[in-house]
Amino acid sequence: MAFHGDKKEGTWLLADAENRLKDWLVPKVPKGIETYHLTLTTLLWCAMIILFSFMARYSIHFLWVVSLAIFGQYITDLLDGEVGRRRNTGLIKWGYYMDHFLDYLFLCSILIGYGLMVEDHNKYLLFYILALFGAFMVNSFLSFAATGAFKISYLGIGPTEVRLIFIAANTLIIIFAEKFEIARVLPVVLAGATFALFVTVYQTQKMLWKIDMDNREKEEPDTAEGER
């Protein structure tokens with residue numbers, strides 16, 4: 001049975017622009033840099049995010065470096081699979097496993113970074129946000145196991161847009177450092193993510209229900225024919 005974990009499905013707002021960016025960047029990747037090098041750089045970006053988020057406690061301008069690390073992870077994550085496909089050097093199953101495991105670590109590093117900057121009594125909100133974002137990943141993996149289609153965007157929002165949201169949040173924090181508090185935004189993010197997860201799970205189960213019912217209808221005539 002063919003494995004399709006390297007083929008991501010779904011439509012997100014910046015998908016077309018992203019494809020043009022890949023076409024422009026991939027030929028510029030040096031020959032000595034392979035797909036697995038690009039995948040593993042996420043570990044470097046995670047370390048930078050945590051380190052400079054900690055330093056942002058003393059100077060908020062270190063958040064610019066955090067945003068730079070988020071952007072760097074976006075570029076390497078964008079290119080790793082595409083470089084492997086175009087050079088025919090990709091590690092499909094290894095890439096599927098490591099890419100998405102490291103994506104989870106990347107998300108954790110961002111929330112750990114924010115956790116270093118918020119007051120202790122608000123840290124529990126970051127735990128709930130991590131649980132919700134993790135639920136989106138679980139939904140993708142379960143849906144992939146049931147359908148063979150790996151979907152990474154929901155309601156037109158994909159990983160690219162999520163990264164941009166984090167960069168925008170960092171920018172607001174820096175510009176309005178004295179008036180803007182992360183803790184005030186967290187409940188909004190929590191409410192939005194909860195609503196989006198509810199809609200996503202509803203749509204996914206509805207799709208799987210339809211697949212099961214269609215398969216049942218196809219099987220019933222064959223069963224009736226066999227009984228004759």
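Aromatic pairs number 10 in this structure, which is a predicted model. Take Tyr96 and Phe144 as one of them: the ring centres lie 5.6 Å apart and the planes meet at 45°, so the pair is tilted. Tyr96 belongs to helix H4 (residues 92–115) and Phe144 to helix H5 (residues 123–147), so this pair ties together parts that are 48 residues apart in sequence. Are these two residues buried or exposed? Tyr96 has 19% relative accessibility and counts as buried, and Phe144, at 12%, counts as buried too. For Tyr96, the cut-off to keep in mind is 20%, since buried means under 20% relative accessible area. Phe141 joins the picture as well, because ring pairs link Tyr96, Phe141 and Phe144 into a cluster.

Now for the overall layout. The protein chain has seven helices and two strands, and along the sequence they follow the pattern β-α-α-α-α-α-β-α-α. The chain has 228 residues, and 40% of them count as buried. About 13800 Å² of the protein chain is exposed, with carbon and sulfur atoms supplying 67% of that area. Among contacts between residues at least 6 apart in sequence, 82% join residues at least 24 apart.

The UniProt record, an unreviewed entry, lists residues 38–56, 62–80, 101–118, 124–142 and 182–202 under "transmembrane region". Here is how two of those spans look in the model.

| Span | Helix | Strand | Distance between end C-alpha atoms |
|---|---|---|---|
| Residues 101–118 | 83% | 0% | 26 Å |
| Residues 124–142 | 100% | 0% | 27 Å |

Next, let's look at helix H2 (residues 35–55). What span should its 21 residues have? At 1.5 Å a residue, the expected value is 30 Å, and the end C-alpha atoms are 31 Å apart, which agrees. The buried residues of H2 are Thr35, Leu38, Thr39, Thr42, Trp45, Cys46, Met48, Ile49, Phe52 and Ser53. Helix H3 (63–87) and H4 are included in what covers them.

Cys46, one of those buried H2 residues, leads to a point of chemistry: how many disulfides does the model hold? The count comes to zero. The closest cysteine sulfur to that of Cys46 is in Cys108, 8.4 Å away, which is too far for a bond. Looking from the other side, the sulfur of Cys108 has the one in Cys46 as its closest cysteine sulfur, again at 8.4 Å and too far for a bond. A disulfide would need the two sulfur atoms within 2.5 Å. Both cysteines are buried: Cys46 has a relative accessible area of 9%, and Cys108 has one of 13%.

One last stop is the loop between H2 and H3, where Ile60 is placed. With a relative accessible area of 22%, Ile60 is partly exposed. Which residues does Ile60 touch, leaving aside its neighbours within four places in sequence? Its contacts are Ile173, Ile174 and Ala177. Ile60 and Ile173 are 113 residues apart along the chain, yet their C-alpha atoms are separated by 7.9 Å.

Key
Residues are numbered from 1 along each chain as its sequence is written. This is a predicted model: local features need pLDDT of at least 70, side-chain atom pairs count only at pLDDT 80 or more; totals for chains, interfaces and linings use all residues. Side-chain values use heavy atoms; hydrogens and water are left out. UniProt positions are given in the numbering used here, feature names are shortened, and annotations may be inferred rather than shown by experiment. Helices (H or I, at least four residues) and strands (E, at least two) are DSSP runs, numbered from the N terminus. Buried means under 20% relative accessible area, exposed over 50%, partly exposed in between (1.4 Å probe, protein chains only). Contact means heavy atoms within 4.5 Å. Accessible areas come from the Shrake-Rupley method with a 1.4 Å probe; for residues, only the protein chains shown count as cover. Rings of Phe, Tyr and Trp (its six-membered ring) pair if their centres lie within 6.5 Å; planes under 30 degrees apart count as stacked, over 60 as edge-to-face and the rest as tilted. The expected span of a helix is 1.5 Å times one less than its number of residues.
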